[in-house]
Amino acid sequence: MQASGKNAGLGLALVSACAFGGSGVAAKPLIEAGLDPLHMVWLRVAGAALVLSPLASRHRDLVRRKPLLLAGFGLVAVAGVQAFYFASLSRIPVGVALLLEYLGPALLLGYIRFVQRKPVTRAAAAGAAVAVVGLACVVEIWAGLSLDPLGVLLGLAAACCQACYFVFADQGADGDDVPDPLGVIAYGMIVGTLVMTVIARPWEIDWQVLGGQAAMGGLGGFSLPAGVLLAWVVLIATVFAYLTGVVSVRRLSPQVAGVVACLEAVIATVLAWVLLGEHLSTWQIVGGGLVLGGAFIAQSSRSGGAGGPGGPVELVGVVEPGESAEPDRVRA
């Protein structure tokens, strides 16, 4: 029975990674059709908040118990990560934008080691170093940043928000009063919607874009209704992806779920190649492999002793812009 539960968790984690990985390839054609990146984020978050509102009602006690956690999660893990991620992919390829976001675990290690002044495992540090080398290959720094510099900076900002998410998640998981992750997801979407309403000014959305067609550059070139792509982003790449991610983490260890989540970057890159006609250079492919390899090394590390101020800190899963409200997993 236990093995069956783990197999089911692994399957759900794979499904979640696939769902998250499809967000960029569905959103970018809408952005290129004339939809502002911030408006895209608002539509995604607001749509998810509407769908998840019954869960918010069910867990309304969280507003009284964990107001700061909900505010921080909504502001950083929902609004911050997704706003920077979508703004980034509007200027650089989807796969590169997502790979930049995966620098978040390395930034988190730096925060733990140099800000909190806690030791980290050697495997986690090695994984972070490999990821940084991979990042240098992705942006091809020897070519003078051939990618759009602003797009790269926006991707790094998404990584910073991802790292900050772990700080909020760790605070929310301490003690006996652990909040239900489904409630945190729902309220995170609501808070994110409120924040993005101020930033994105959705009353200025060009609704005609959503009533038209969006061009997909791959497979010889074809178009899809913009409404279909938006529905995919909201229902599959956000609501479905978050919920399956949470369930998978409950069935698997955070480390295993986090490693499986790394497949999101690979899936997004492959989908962008097939559906959008985007191509990566050889060095960018090598760099992407190094980033994913570094994430694998870091997230599969185990603490060397009991938890506590003196013990090594264990790095947990990655969140995507997409990402999950489980205290060990975000992702774009």
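Which residue follows α2, and what is the sign of its phi? In this predicted model, the residue after α2 is Gly-34, with a positive phi near 125°. The helix that comes before Gly-34 spans residues 23-32 and is mostly covered, with nine of its ten residues buried. These buried positions are Ser-23, Gly-24, Val-25, Ala-26, Ala-27, Lys-28, Pro-29, Leu-30 and Ile-31, so a lysine is found among them.

Leu-30 of this list leads on to the interior. The largest nonpolar core holds 78 residues, and Leu-30, Leu-35, Met-40, Tyr-85, Phe-86 and Met-189 are those with the most contacts inside it. Helix α3 gives the most to this core, contributing eleven residues.

The packing of α3 against α10 can be described in more detail. In general, two packed helices are characterised by the distance between their axes and the angle between them. For α3 (residues 37-58) and α10 (residues 181-200), the axes come within 7 Å and cross at roughly 145°. The crossing is left-handed. On the α3 side, the residues in contact are Leu-38, His-39, Val-41, Trp-42, Val-45, Ala-46, Ala-48, Ala-49, Leu-52, Leu-55, Ala-56 and Ser-57. From α10 they are met by Leu-182, Ile-185, Ala-186, Tyr-187, Met-189, Ile-190, Gly-192, Thr-193, Met-196, Thr-197, Ile-199 and Ala-200. By residue class, this contact comprises 19 nonpolar residues, five polar ones and no charged ones.

Two α10 residues from this contact help to fill in the picture. Met-189, already named among the core residues with the most contacts, is in contact with Val-45, Ala-48, Ala-49, Leu-52, Val-78, Thr-238 and Tyr-242, leaving aside its neighbours within four places in sequence. Gly-192, also in α10, counts as buried because its relative accessibility is 0%, below the 20% limit. Not counting residues up to four places away in sequence, Gly-192 touches Val-45, Gly-74, Val-78 and Ala-79. Gly-192 and Ala-77 are 115 residues apart in sequence, yet their C-alpha atoms are 8.5 Å apart in space.

What is the sign of phi at Arg-201? This residue has a positive phi of about 55°, although it is not a glycine. Arg-201 sits in the loop between α10 and α11 (207-210). With a relative accessibility of 41%, Arg-201 is counted as partly exposed, because this value lies between 20% and 50%.

Other pairs also bring together distant parts of the sequence. Ser-16, in helix α1 (residues 2-21), is buried with a relative accessible area of 1%. Its C-alpha atom is separated by 9.7 Å from that of Val-247, which is 231 residues away along the chain. Leu-292 belongs to helix α15 (residues 282-299) and is buried, at 16% relative accessibility. Between Leu-292 and Ala-131 the C-alpha to C-alpha distance is 7.1 Å, with their positions 161 residues apart in sequence.

Finally, the cysteines deserve a word. Is Cys-160 buried or partly exposed, and what of Cys-161? Cys-160 counts as partly exposed, at 41% relative accessibility, whereas Cys-161 counts as buried, at 13%. With a cut-off of 2.5 Å between cysteine sulfur atoms, the count comes to zero disulfides.

Terms used. Residues are numbered from 1 along each chain as its sequence is written. This is a predicted model: local features need pLDDT of at least 70, side-chain atom pairs count only at pLDDT 80 or more; totals for chains, interfaces and linings use all residues. Side-chain values use heavy atoms; hydrogens and water are left out. Axes are lines fitted to C-alpha atoms, for helices over the stretch in contact, and angles run from 0 to 180 degrees between N-to-C directions. Helices (H or I, at least four residues) and strands (E, at least two) are DSSP runs, numbered from the N terminus. A crossing is left-handed if the near helix is turned anticlockwise from the far one by less than a right angle, and right-handed if clockwise. Contact means heavy atoms within 4.5 Å. Ala, Val, Leu, Ile, Met, Phe, Trp, Tyr, Cys and Pro count as nonpolar, Asp, Glu, Lys and Arg as charged, and the others, Gly among them, as polar. Buried means under 20% relative accessible area, exposed over 50%, partly exposed in between (1.4 Å probe, protein chains only). A nonpolar core is a set of buried Ala, Val, Leu, Ile, Met, Phe, Trp, Tyr and Cys residues joined through side-chain atoms within 4.5 Å.
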